[in-house]
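I wanted to go through this chain one element at a time and write down what I looked up along the way. The entries below follow the order in which I worked.

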Amino acid sequence: MGKLLRCIKCDKVFFKTPFDRWPEYENSSVFSSGTVRMIERDDFQEFLASHRGHRLEELEVYENSYVGEKPYIEPVKTSYFKATNGKKEFVIKKFRERIDEPLIYQIIHGNYSLHCVCIDIQSQQIKKQLEREFKHSTISDYEIEVFLKLCQGVALSADVEKLETSPEEREHPLTRFCKLDQISLKHLLKKCHTLFGKQGYREIDKFIYRHIDDGVLILKATFEISFS
Ligand SMILES: [Zn+2]
């Protein structure tokens, strides 16, 4: 884990990682072919030198404040996160313009927040699971279609801020997998009651409870970043 340091005088930040001292290798025509010159570099020493005599403070990064437009694994991207010195909050921009450049951290003025733009169900997965478990004799294509619409309707009316985030692997900072909450679950069951007959309802009720926690009935929320 690294440390985020801020120069109070210049309002500049530096993220100190255990990798600041990695040497850089340089191919130079001055040297005979095949030799590589090693340059010791220490970005942290450079930061300290340019802020000599200035007071530095450590900022605490807010976990889960990280946002960005690109997937986590994308190396060239711009992302934002928040940190505090205990009194004041800071918004930090973290970016790199080329893959061979180091990451740059900058304090920016203003703030950002996330807004949910859509909540989706895993239609394909639900459909596959229904077909596998019910076979066509007990559930019709029509019932599957309507069930998917009911799930989507319930998902759209859910309050994303109140949904529990599922620990599913996150690939993108702007998507979040959420579990159906109790209120949405009740709505869904009630609607299923009118769609399915007595026997069918009993089966679908069991199906819903079987898959509430295993990723089949999971909701995918997509967000947008708004800057202010
Ligand atoms: Zn400074």
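**Entry 1: strands around β7**

I began with strand β5 (residues 56-61) and strand β7 (residues 78-84), which run antiparallel and are joined by two bridges. Since what I have open is a predicted model, I read every position below as a computed one. Looking for a residue pair that fixes the register, I found Glu 60 standing opposite Thr 84 in β7.

I then checked what else pairs with β7, and noted strand β6 (residues 67-68), which is paired with β7 in the antiparallel sense over two bridges. Here Val 67 has Tyr 80 of β7 as its bridge partner.

Next I followed β7 onward to strand β8 (residues 89-95), and counted seven bridges between these antiparallel strands. Thr 84, which I had already met opposite Glu 60, also stands opposite Glu 89 in β8. The two strands β7 and β8 make a hairpin with four residues between them, and in its turn Gly 86 has a positive phi of about 100°.

**Entry 2: the hairpin at the start of the chain**

I looked for another hairpin and found one formed by β1 and β2, again with four residues between the strands, where Asp 11 in the turn has a positive phi of about 60°. Strand β1 (residues 3-7) and strand β2 (residues 12-16) run antiparallel and are joined by five bridges. Within this pairing I noted Val 13 in β2 as the bridge partner of Arg 6.

**Entry 3: the three-stranded sheet**

Moving along the chain, I traced an open sheet of three strands in the order β10-β12-β11, with antiparallel pairing. Its edge strands are β10 and β11 (175-178), each of which pairs on one side only. Neighbouring strands in this sheet are turned by 30° against each other on average, direction ignored.

I looked more closely at β11 and β12, which run antiparallel and are joined by four bridges. Cys 178 stands opposite Leu 219 of β12. I then asked myself what lies across β10 and β12. The element is α3, which runs at about 165° to β10.

**Entry 4: helix α3**

I took the length of α3 next: the helix has 17 residues and reaches 25 Å from its first C-alpha to its last, close to the 24 Å expected at 1.5 Å a residue. I listed its buried residues as Phe 147, Leu 150, Cys 151, Val 154 and Ala 155. These residues lie on the same side of α3, because they cover an arc of only 135° around the axis. Turned away from that buried side, the other face of α3 carries the exposed residues Asp 141, Tyr 142, Glu 145 and Ser 157.

**Entry 5: helix α4**

I repeated the length check on α4, whose 14 residues should span 20 Å at 1.5 Å a residue, and the end C-alpha atoms are 20 Å apart, so the two values agree. Ser 184, Leu 188 and Cys 192 are buried in α4. The arc they cover around the axis is only 70°, and they are therefore on the same side of α4. On the other side I found Gln 182, Lys 186, Lys 190 and Thr 194 exposed. When I looked for what covers the buried residues of α4, I found α3 and α5 among the elements that do so.

**Entry 6: the cores**

I closed with the largest nonpolar core, which has 21 residues, those with the most contacts inside it being Leu 150, Cys 151, Val 154, Ala 155, Ala 158 and Leu 219. Two or more residues each come from β10 (112-121), α2 (123-138), α3 (141-157), α4 (182-195), α5 (198-211) and β12 (219-227). Of these, α3 gives the most to the core, with five residues. I also looked up the contacts of Ala 155, which, leaving out residues up to four places away in sequence, touches Ile 119, Asp 120, Ile 121 and Leu 219.

A second, separate core has eight residues, including Phe 15, Leu 59, Phe 81 and Ala 83.

**Entry 7: the chain overall**

For the record, I noted five helices and 12 strands in the chain, and that 14% of its 228 residues count as buried.

Notes. Residues numbered from 1 in each chain as written. Predicted model: local features only at pLDDT ≥ 70, side-chain atom pairs only at ≥ 80, totals over all residues. Core = buried A, V, L, I, M, F, W, Y, C linked by C-beta atoms within 7 Å. Buried ≥ 20, exposed ≤ 12 C-beta atoms within 10 Å, placed from the backbone. Contact = placed C-beta atoms within 7 Å. Pairing = 2+ DSSP bridges. Axes fitted to C-alpha atoms, helices over the stretch in contact; angles between N-to-C directions. Expected span 1.5 Å × (residues − 1). Arc of directions from axis to C-beta.
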